[in-house]
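Q: I would like a close look at one part of this protein. Please take me through its inside, step by step.

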Amino acid sequence: MFENQMIISGKELKEKGLTYYKINQLVKEGILRKLNKRYYENMNYTGELTDFSYIPAYIPQGVICLMSAAVYYDLTNYMPHSVDVAIPRKSRVSTLPDWPSIDLYYYTDYRYNLGIEEHNNIRIYDIEKTVVDIIYYRERMGIDTAKEVLVNYLRRKDRNLNKLIRYADKCKCGEIMRTYLEVLI
């Protein structure tokens with residue numbers, strides 16, 4: 001019925017014909033685990049499990065960003081201690097899980113909405129937006145880390161420099177990006 005889903009909402013369970021009584025029975029039997037008021041974890045799920053899988057349940061408007069996205073795109077060897085998640089600046093998050101550890105980044109509406117993609121029900125910024133954000137936050141991320149991400153991006157065959165520059169201009173770091181690119185190319 002929901003074997004191929006790791007996280008499932010109560011609404012989806014109801015749409016599949018389950019009553020609240022049956023849902024509670026599945027929780028008692030250990031087939032489902034209640035994560036919060038809206039979401040359940042399928043304990044029989046056998047697919048790929050990542051730290052990212054839990055983000056939609058706890059932060060539905062969240063988008064994987066910065067170093068977590070860089071790891072996803074193989075742009076760095078750095079292993080973050082938590083999942084970086086962008087949310088709109090005026091959003092509120094009521095509860096965060098103990099695991100995975102989540103670092104929230106509050107983005108302006110424009111920065112937040114630019115470059116969102118969806119992979120396996122996970123919202124993540126595309127590779128160019130990831131590189132631009134890391135260059136923009138280079139002081140916080142570390143200059144060496146920012147350079148590593150940009151160099152690894154430039155080595156890729158699927159890179160799109162026009163899109164990278166366009167995103168950089170829109171995110172107010174076009175001059176910095178051009179300077180980095182002049183030095184590295």
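Which residues have the most contacts inside the largest nonpolar core, and how many residues does that core have?

A: A word on the source comes before the core. This is a predicted model, in which local features need pLDDT of at least 70, side-chain atom pairs count only at pLDDT 80 or more, and totals for chains, interfaces and linings use all residues. Residues are numbered from 1 along each chain as its sequence is written, and side-chain values use heavy atoms, with hydrogens and water left out.

Now the core. In soluble globular proteins, nonpolar side chains tend to be buried together. A nonpolar core is a set of buried Ala, Val, Leu, Ile, Met, Phe, Trp, Tyr and Cys residues joined through side-chain atoms within 4.5 Å. Buried means under 20% relative accessible area, exposed over 50%, and partly exposed in between (1.4 Å probe, protein chains only). The largest nonpolar core here has 52 residues. Ile64, Tyr107, Val131, Leu150 and Met177 have the most contacts inside it.

Take Ile64. Contact means heavy atoms within 4.5 Å. Setting aside neighbours within four places in sequence, Ile64 touches Phe52, Ile55, Ala69, Val83, Asp84, Val85, Ile122, Arg123, Ile124 and Tyr125. Another core lies apart from the largest one. That other core has eight residues, including Phe2, Ile8, Leu18 and Ile23.

Next, look at helix α9, residues 161–170. Helices (H or I, at least four residues) and strands (E, at least two) are DSSP runs, numbered from the N terminus. In α9, the buried residues are Lys163, Leu164, Ile165, Tyr167 and Ala168. They pack against three helices: α6 (127–136), α8 (143–155) and α10 (174–184). Just after α9, Lys172 has a positive phi of about 65°.

Two cysteines are worth a look as well. A disulfide is a covalent bond between the sulfur atoms of two cysteines. Here the test is a pair of cysteine sulfur atoms within 2.5 Å. The structure holds zero disulfides. For Cys171, the nearest cysteine sulfur is that of Cys173, 6.1 Å away. Cys173 is likewise in no disulfide. Cys171 counts as buried, at 4% relative accessibility. Cys173 is buried too, at 3% relative accessible area.

To sum up, the largest nonpolar core has 52 residues, with Ile64 among those with the most contacts inside it. The buried residues of α9 pack against α6, α8 and α10.
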